[in-house]
Amino acid sequence: MAATTTLRVGVVQFAPKIGRVHANIAKAHELCKGLTPRCVDLLCFPEMIFSGYMFPNAASIYPYLEHPRTGPTCTFCAELARRLECYVTAGFPERLEHASNSAAPPPPSTSPATTATPPHNHTAGAHLPPTIVGFNTAVLYSPTGELLTLYRKSNLYETDLSWAAPGSGFTVLDLPPPLGKTTIAICNDLNVHKPAVWESLEDGPYELARHCMREGTKLLVLLNAWSKARDEADEDKDDGEAESTEEGKAYNFDDDNDGLEPNWKTLNWWAQRLRPTWAHHYPTTENENEDQQTEHQINGSEPRDLVVVACNRFGDEGERTFVGSSAMLMMCRGSGRPRLLHAMGEREEGIGIWTVPVRP
């Protein structure tokens with residue numbers, strides 16, 4: 001048996017207040033104050049965690065768009081990465097260059113957000129920003145505080161479409177052990193990418209899962225702002241819901257949840273959308289003929305295990321309720337069922353420090 005090493009991941013879960021950037025960063029500092037240097041290899045914060053998520057249009061989100069490197073999220077992540085000597089990733093609304101050159105009103109000052117006007121009360125100035133003003137972005141900083149990558153959400157959710165441009169697609173980072181080949185994705189990236197439509201449990205499509213398999217990803221990090229479906233009986237059916245077959249249903253769930261337990265329907269959906277990484281039998285992905293196989297597939301050394309870290313928030317914004325339930329799962333190719341290793345409650349505030357043995 002190949003030697004293993006231990007991967008340590010911290011997942012920060014809380015309920016941010018929309019538009020209260022500095023107050024939300026203060027909450028993150030409070031939650032992280034007990035962490036010591038090198039206690040984790042990777043620390044994760046959810047999608048758009050400091051700005052909030054449910055902005056109705058470009059004008060409302062415009063004051064909260066951030067410049068990479070110098071914005072409040074990147075500054076926070078860089079400082080925390082240096083203090084803890086670990087990788088840090090978080091989501092934020094990135095400003096488009098053309099937006100910063102437009103005639104739109106300038107962003108607010110860096111005064112504490114407790115004095116800022118929440119976005120649902122925001123009154124735009126005489127000049128409105130362009131319709132598309134930014135990206136829904138995830139940043140990753142190294143243990144020395146160096147910016148390693150900006151990943152821009154590829155599969156935009158309906159809320160993103162009012163202000164964000166899609167990114168150029170999934171990537172993979174080759175990081176030192178114990179992380180290894182790492183893919184970062186954001187929330188709706190997990191769902192079917194329109195204009196594609198759900199075909200079947202076997203065929204999907206499963207865009208993110210296929211990317212991880214093709215590229216030999218060993219760690220998949222999902223930064224989420226995942227909410228309950230408007231109708232609990234309708235679990236994102238616009239994107240096609242997997243049927244609850246014996247193998248297809250990853251977890252049993254109980255509808256009664258006091259917030260201390262994870263949202264099992266959500267965990268089941270996350271696992272379903274990665275089905276090719278654990279299903280008993282899964283056909284070769286489309287366009288993967290002999291000429292297009294990756295080095296991993298050709299030499300037979302492709303990883304069989306995929307560690308999945310889903311970092312989510314909770315709380316309410318407008319009519320949306322976010323479901324928390326941050327989790328770590330292990331997907332083993334051909335096993336027939338995903339393994340839930342760790343999970344937080346639906347409304348649990350705090351940091352989960354989770355470990356898992358991985359092959360270097």
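The legends below describe close-up views of a predicted model.

**View 1. An open sheet of six strands runs from β5 to β14.**
The order of the strands is β5-β4-β3-β2-β1-β14, and their pairing is mixed. The edge strands are β5, residues 147–152, and β14, residues 350–358. Each of these two pairs on one side only. On average, neighbouring strands in this sheet are turned by 25 degrees against each other, with direction ignored.

**View 2. Strands β4 and β5 pair in the antiparallel sense.**
Strand β4 covers residues 134–141, and five bridges join β4 to β5. Within this pairing, valine 139 stands opposite leucine 150 of β5.

**View 3. Helix α3 lies across three strands.**
The helix is made of residues 72–84. The strands it lies across are β2 (42–44), β3 (87–95) and β4. Relative to β3, helix α3 runs at about 170 degrees.

**View 4. A salt bridge joins arginine 38 and glutamate 85.**
The closest N and O atoms of the two residues are 2.7 Å apart. Arginine 38 is in the loop between α1 (21–32) and β2, while glutamate 85 is in the loop between α3 and β3. The pair links distant parts of the chain, the two residues being 47 residues apart. Is each partner buried, partly exposed or exposed? Arginine 38 has a relative accessible area of 58%, so it is exposed. Glutamate 85 counts as partly exposed because its relative accessibility is 35%. The model has twelve salt bridges in the count.

**View 5. Glutamate 207 and arginine 273 form a salt bridge between buried residues.**
The distance from N to O is 3.5 Å. Glutamate 207 belongs to helix α5 (residues 207–215), whereas arginine 273 sits in the loop between α6 (264–272) and α7 (295–299), so the salt bridge ties together parts that are 66 residues apart in sequence. Both residues are buried.

**View 6. Lysine 228 and glutamate 346 meet in a salt bridge.**
Their side chains come to 3.1 Å, N to O. Lysine 228 lies in the loop between β8 (219–223) and α6. Glutamate 346 lies in the loop between β13 (339–343) and β14. The two residues are 118 residues apart, and the pair links distant parts of the chain. With 29% relative accessibility, lysine 228 counts as partly exposed. Glutamate 346, at 4%, counts as buried.

**View 7. Three charged residues share a network.**
Salt bridges link Lys27, Glu30 and Glu349 in this network.

**View 8. Asparagine 188 makes a polar contact with asparagine 191.**
The contact joins the two side chains at 2.9 Å. Asparagine 188 is placed in the loop between β7 (181–186) and α5. Its relative accessible area is 7%, and asparagine 188 is therefore buried, as the cut-off is under 20%.

**View 9. A second open sheet runs from β6 to β13.**
This sheet has six strands in the order β6-β7-β8-β9-β12-β13, with mixed pairing. Strands β6 (173–174) and β13 stand at the edges and have a single partner strand each, so one side of each is left without a neighbour in the sheet. Strands β8 and β9 pair in the parallel sense over five bridges. Leucine 219 has valine 307 in β9 as its bridge partner. Helix α5 lies across β7, β8 and β9 and runs at about 165 degrees to β7.

**View 10. Strands β12 and β13 form a hairpin.**
Strand β12, residues 327–332, pairs with β13 in the antiparallel sense over four bridges. Alanine 327 stands opposite alanine 343 in β13. Six residues lie between the two strands. In the turn, glycine 334 has a positive phi of about 85 degrees.

**View 11. Valine 307 is part of the largest nonpolar core.**
This core holds 51 residues. Which of them touch the most other members? They are Leu42, Leu220 and Val307. Strand β9 (residues 305–311) supplies the largest share of the core, six residues. Apart from neighbours within four places in sequence, valine 307 is in contact with residues including Leu7, Leu220, Met328, Met330 and Val356. There is also a second, separate core of 43 residues, with Phe14, Ile25, Leu35 and Cys77 among them.

Methods
Residues are numbered from 1 along each chain as its sequence is written. This is a predicted model: local features need pLDDT of at least 70, side-chain atom pairs count only at pLDDT 80 or more; totals for chains, interfaces and linings use all residues. Side-chain values use heavy atoms; hydrogens and water are left out. Two strands pair if DSSP finds at least two bridges between them. Axes are lines fitted to C-alpha atoms, for helices over the stretch in contact, and angles run from 0 to 180 degrees between N-to-C directions. Contact means heavy atoms within 4.5 Å. A salt bridge is a side-chain nitrogen of Lys or Arg within 4 Å of a carboxyl oxygen of Asp or Glu. Buried means under 20% relative accessible area, exposed over 50%, partly exposed in between (1.4 Å probe, protein chains only). A polar contact is a pair of N or O atoms within 3.5 Å; within protein, one must be able to donate a hydrogen and the other to accept it, and residues adjacent in sequence count only if both atoms are side-chain atoms. A nonpolar core is a set of buried Ala, Val, Leu, Ile, Met, Phe, Trp, Tyr and Cys residues joined through side-chain atoms within 4.5 Å.
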